[in-house]
Every structure is written in structure tokens, then in C-alpha cells.
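Subject: Structure for your review

Dear colleague,

Please find below the structure that I am handing over to you. I would be grateful if you could look through it together with the notes that come after it.

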Amino acid sequence: MKYISEKLSNARLEEKQGEKLTGPVRPCFHLTACNGWMNDPNGFIYYRGAYHLFYQYFPFASRWGPMHWGHAVSKDLLNWEYLPAALAPDQEYDRDGCFSGSSIELADGRLLLMYTGVRKEKEADGQIETTQTQCLAIGSGVDFDKLPQNPVIDGKDMPEGASRADFRDPKMIPWEDGTFRCVMANRAEDGSGQVLLYKSPDGFRWEFEKILIKNNYRFGTMWECPDFFCMDGRWILIVSPMDMLPVEGKYPAGDTTICLIGEEGGKPGQFPETADQPLDYGIDFYAAQTVLTPDGRRVLIGWMQNWDDITIREPDSPWAGQMTLPRELFLRGGRLCQRPVRELELLRRGNTQYRGIPVSDRMTLPGVCGRAADLEIRVRPKGREQSYEKFEIHFAEKDQWHTSLSYRPAESLLTLDRRFSGTRRALMHECSCFIEDAQQELRIRVILDRYSVEVFAEDGAKVMTAAIFTEPDADGISFCATGEAEMDITLYSLES
């Protein structure tokens, strides 16, 4: 790197404060910002023997500000080491923010980043006009030089009617013929989202190829953070719509992340959509990005927050925002499913097991507690002729504090509720999904990590994620049922 700007130097100096944050201040194995603010994952890639994850970052306060790129690396997707901030808004074309983007490895071994540069101009009438363009930076994994020809994609490279103010989040894709493609989020002329497809022979020179897909207000308004990949002969598009209208049992209101699945045997770059689904039924999940691991797994990570509840953290918190647990993706029955990365099992430290435990009044079990744990739970009626109306788990429990997970078999409804987790703000605190294959019996896996809970049901077909901020000493776990239920449980303590 020939030159480090004053803005990047200041960001890296501020990061030194984050090195003092240790112990229970952070999650055990979920990535947080070194210090300050974090949102979207960026540039997720396996490069030179390690996973690199960049992220939207404001190191100077625990709130959103002019976006930088933070940077962390990991050998196992769970234990992360911070590297110096990679990008700062220090050029005329990105002076108001280095927004989300992606990375690819070039044939010569260098790492190429593409990000959205944001520039705002005050017009004669006092209105602020925003322009978003796509920019490149190149380096060897730590320091990156912005290219002199930036921006490499701007308004002249867009289809007619496409918004220059909402044109962001490039995801570059190595193509099978050695060239590259890039999907881009954009606001169409009708005001709703669309995904644009670009092509390049070398990663540096880009030209518009076509509009890959239009939203037409089917799923929210503007779409953000597209990811596009092939799995088992189907092309899959992930996007994060803003301002969704709710669909009972499927989509919540507000900002969320969805998956569109193409037809079997679809051609590269073609996307005849056949199905849609939520990626997560929980409260906190947005802007997901995937990576292909060396052993061929497609692994996803998302921002464990969303724009509707970013005020859950107190202003004086040392960090705000965290990433989800990385998840392996797989298709089953035409549906995209998720499971925790198998590396998580290496963090297990002993286990506590119970079989055939009757559950009615509120109860605890010796050895079943903790704020960093992997729980496998099976619930069923106590007797063949009996049923139960409701089964409920409390975790992160102490005095009046807890987060609950409940199941009502008559409705096949699984509900996650964090309203007693310590937040002082009237945000969305409850989410639900229907468990289609359970009826009276429920099988779930629950991952706890100090400030979060992730629930996997229906063998990964349904996932619910929520951030919680109960004090770390609230580590109780208890159970109850309306009626009589029977439970098997295995708890693994987790340590990074």
C-alpha cells in the first residue's frame, strides 16, 4: 500500500480502543465490531488459508455514521482476529461512505474489493442529491489501494430509468468461463427494487448485461444486498427487501431477507424464479452474504440486527451490531435450509443429558444452564392419549429477566419472545413460525451465545434469530408446560 489517508489512519488508531474489550463484554463466537458500530457483512471470502470477513463499520461511536470497512479473519468461522480497517471514505467519489460490497481473488493472487462509493451534493434548491457508484480497491489481504480509474461503474452504465441514488451492494461472482459477473441492488423507475447483472473479463472493466429480476412491489420496496449462486443445479438469489408488508405465517412487516429459487437446470445468468421463502423468521437478520468453502459448502452469514430495531443497544455501549452464526446452506424438497456450521461442534465442552423428563410446572434441571450453549431438544406428549397445550423454555433467566421460546402444538406455532430481556425500548420483541412437520412432537436446536439466540427447527427449514442484551450473569434455563409434556434434552457448553 503506497499511501494511508488521514481518515483511514484515524480509524485504525480508534480501533486500538477495541482491543481492551475482553471477557463477557463480547459474545464468545459471534463476530462484533472491534469497537463502535457494525452492520452488513461485506467481502466474505476464503483467501490464503483463512476466511476474510469485512463489514460496514463506524469505529468512532456505537451508532451509524460515515461508513468504513472493518476487517476480521478466521481459520474456523468462529474464532475471529481483527485486522486493521480496510477502507475509509477518503476520496471525492466516496466521501460520504464506503457502502457494502464484495471481494474476489484474481489469478495473480491479489484480493480485489468492490464497494459502493457514496457522494452527496447540495442542490441550488437546498435539496440533497445522493449519487452511488461502484469502486475498486486491490491488495494482498491487509492493505488496499483504491484504483485511480474509480468509479468503475456509474450512471452511464445503468439501464434507462434506474436510480443513481439507490444503486449499491455489488456482489462479484467468478464465472465458469474464467470471467466475472456482478449482481447489484437498484431502485427501478417504478420505485421498487430490481437486481442488475454486470459482466467483466478481468474484474476491472465492467459493462451492463441485463436486468436480472424486477421486484414490481411483490416483496417490499427497495431491495438491498443481493447474493447470487448455484446449488444443486438451481440458481438462488438472496435479497433484503425494505418495507415489507406482512404475510401471515411467512413474512413479517418491515425489513427482512428473502430467498428466491430458480428452476432446476437453470442456465447461468438466467433466473426463471419458481419459489420464494424467508431466510429467517426471527427479529434480527438482514443483509446476508455467502461464501464457498474449500470443501464445497455454501456458508451464509448475516447481520444480527435490522434497521427497525437498531436502538436496542444503549448509546454508551462499546459496540453495536453482531454477525449471526455462520450457517451451512442446503436444498431439501425445493427449499433452502440452514444448519450451524459443523465447526461449532469443536467448541463443545462436555454435555448434560436427560431423557423422558416429564414437564408441567416450571422446573429446572441440574447442569442445564449457561449463556453459551448448544441445546438439542425433543418434546412430545407424556402419554399416547394425552396432549399438551403449550411447552415453554426460558433462557438467559434471572429474577424478572428471561427470553422465552414456546410451542403450541394445536396451532403448530413456535414463538420466540425477548420482551423481558432487558431492553428499554418498545421495539418488535416477538416472532413466530409454523412448524409444518411437528404436530405433537417438536425437535429443535437452540444456540445461545451471551447476547443472542438462534433457533433451528424442521431440520433447518425454519430458523429464528434474535439479539438479546440481558446481563451476562442471567444464565438460568427453565421449562414448563400447560398440560403434560415429556422432554429429551442434551446441552453442550460452548467455549471459543
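The notes below concern one arginine and the sheet to which its strand belongs.

Please bear in mind that this is a predicted model.

Arginine 168 is located in strand β9, which covers residues 167-174. Is this residue buried or exposed? Its relative accessibility is 7%, and because buried means under 20%, arginine 168 counts as buried.

The side chain of arginine 168 takes part in two polar contacts that I wish to point out. One, at 2.7 Å, is made with the side chain of aspartate 166. The other, at 3.0 Å, is made with the side chain of glutamate 224. Glu224 also appears among the residues in contact with arginine 168 once neighbours within four places in sequence are set aside. The others in that group are Phe99, Thr116, Gln132, Gln134, Met184, Ala185, Met222 and Met242.

Turning to the sheet, strand β9 belongs to an open sheet of four strands, ordered β9-β10-β11-β12, with antiparallel pairing. Strands β9 and β12 (207-214) are its edge strands, as each pairs on one side only. From one strand to the next, the twist averages 25°.

The partner of β9 is strand β10, residues 180-187, and the two are joined in the antiparallel sense over six bridges. Which residue of β10 is the bridge partner of lysine 171? That partner is valine 183. In general, the strands of a sheet pair through backbone hydrogen bonds.

With kind regards

Terms used:
Residues numbered from 1 in each chain as written. Predicted model: local features only at pLDDT ≥ 70, side-chain atom pairs only at ≥ 80, totals over all residues. Heavy atoms only, no water. Buried < 20%, exposed > 50% of the residue type's maximum accessible area, 1.4 Å probe, protein only. Polar contact = N/O pair within 3.5 Å; in protein donor to acceptor, adjacent residues only side chain to side chain. Contact = heavy atoms within 4.5 Å. Pairing = 2+ DSSP bridges. Axes fitted to C-alpha atoms, helices over the stretch in contact; angles between N-to-C directions.
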